[in-house]
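Reader: I'd love a close look at one helix in this protein, with enough of the surroundings to place it. Could you walk me through it?

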Amino acid sequence: MNLMQIHGQFAALQANRGRIAASRAAERLGYLQQFKRAIEQARPDIYAALQADFAKPVAETEATEIQQVIEQINFAIKRLEGWMQPKRVKTPTMLAGSKSWIQYEPRGVVLILAPWNYPLSLALAPLVGAVAAGNCAIVRPSERTPHTAQVIANIIAAAFKAEHVTTVVGDIDTAEALLDLPFEHIFFTGSPRIGQYVMQRAAEHFSSVTLELGGKSPAIVDRSADLKRAAQLIVWGKFVNAGQTCVAPDHVWVQREQAQALTQLIIKQIERNYGKGDYTRLQSPDLANVIDANATARLRGLLNNSVAQGALVALGGQSTDHPARFAPTVLTNVKPGMAIMQEEIFGPILPILVYDQIDEVIMATRASGKPLTMAIFSENQAITNWLLREIPAGSSVINGVLLNLANPYLPFGGVGQSGLGNYYGFYSFKTFSHERAVFQQGGLNMVNLFQPPYRGAAKRLVAWSRRMLNKR
């Protein structure tokens, strides 16, 4: 799409924003229902597109792409009317007789910049909140998954008029052209480095932002944990989507005395999931590709540099560039200073680190920044509470991984360098809304008692209000 077309699309959205903002619950529910039907009708195309883009298994596509969005739509449909109602709030005694409330208003024209790793769900799930809140929107899918980008464009065209929601497909120059425009809100999912740039560009127009980023998300295995269960869940969470998941366990911490046992259980679980031979695992139809040859080269570099620093390959390490495949890999003898621990891995390599005291884990995790998520495997509530208190994170899962994303009652988002803002369920509606404070003054006009000159009644009013405040 050329620059003139992009500006034309944006102008059409701006011209229509007032009408969409004024829409009532019934109209917005109709949009969401059309959206849901368009996704359901596109199921075969979605399967084919994700297979073409990076060989994503159908089961993973269904569970992590399609059902994620459908669940968000269903949740919004059941609750939207209530979300849209003004929320009464209390009014202080000194303002007796007055009323106060919050009403949710659409932000206006919003931009959703989607990533390639979950190209469908991370483009369309935020759109649910944008539509529910009464916004007009442009969705820009990733150019690295072109087949899925086209399916997204088709779904949006089938569900919405172009002056309400539209898709702009294109490369980095297209994204730059979009960032030149004065959107009221920008929702970005991607790396912290690009997120920082998006935030800088948004500031040019005073656009608010939601940044869903990533980081070094640990899985911490306490000595009280069920090791077999921990191994099963860590393997599933790490290798789904070939490790290209922002909330996947980036690495594992395990108590030194249990490290060998957990490592063996992890290896056995990988063999159950993806096969026993190296070549079998590399070619497993249940393992997605990494996104491209550049990704395999980056992963090989991290692996080779870490091995040169003393890490040991306990399983895997095989890769190909065409197609871009990387076998499930387990690294042991890993230390915090190694190459593999300096950036988010975002691939099917699982480093295992050992600790003697849990303080070591806390210090190392805090030093690497606030993670997007943290998995804790423990049967010791005191240890669990300590870790939750001592390690800031966007979200945490106890004795599990990833499944917090299946609960639409919970917000999802990062903290610090792992993100800004959140969404899912009501929090998506809130993210794409402005919370307008409204105060309605009552018949008793306290302001008349507090007029210059500040003598007599005004002085008594100040003294009275001071006494009231001191009683609280």
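Author: Happy to. Buried residues, meaning those under 20% relative accessible area (exposed is over 50%, partly exposed in between, with a 1.4 Å probe and protein chains only), make up 52% of the 472 residues in the protein chain. This is a predicted model, in which local features need pLDDT of at least 70 and side-chain atom pairs count only at pLDDT 80 or more, while totals for chains, interfaces and linings use all residues. Residues are numbered from 1 along each chain as its sequence is written, and side-chain values use heavy atoms, with hydrogens and water left out.

The chain has 16 helices and 18 strands; these are DSSP runs (H or I, at least four residues, for helices; E, at least two, for strands), numbered from the N terminus. Along the principal axes, the C-alpha atoms fill a box of roughly 85 × 55 × 35 Å. Of the contacts (heavy atoms within 4.5 Å) between residues at least 6 apart in sequence, 72% join residues at least 24 apart.

Now to the helix itself, H12, which covers residues 293-308. Its 16 residues should span 22 Å at 1.5 Å a residue, and the end C-alpha atoms are indeed 22 Å apart, which agrees; the expected span is 1.5 Å times one less than the number of residues. Buried in H12 are Ala295, Thr296, Leu299, Leu302, Leu303 and Ser306. Seen down the axis of H12, these buried residues fall within an arc of 125°, so they line one face of the helix; the arc is that of the directions from the helix axis to the C-beta atoms. An α-helix has 3.6 residues a turn, so residues three or four places apart point the same way.

What does that buried side meet? The buried residues of H12 pack against strands S10 (312-315), S11 (319-320), S12 (325-326), S13 (329-332) and S14 (349-355). Turned away from the buried side is a face that carries the exposed residues Asn294 and Ala308.

Helix H16 (residues 457-470) makes a handy companion. Its 14 residues should span 20 Å at 1.5 Å a residue, and its end C-alpha atoms are 20 Å apart, in agreement. The buried residues here are Ala458, Leu461 and Ser465. They fall within an arc of 55° seen down the axis of H16, so they line one face of the helix. On the face of H16 turned away from its buried side sit the exposed residues Lys459, Arg460, Arg466 and Asn470.
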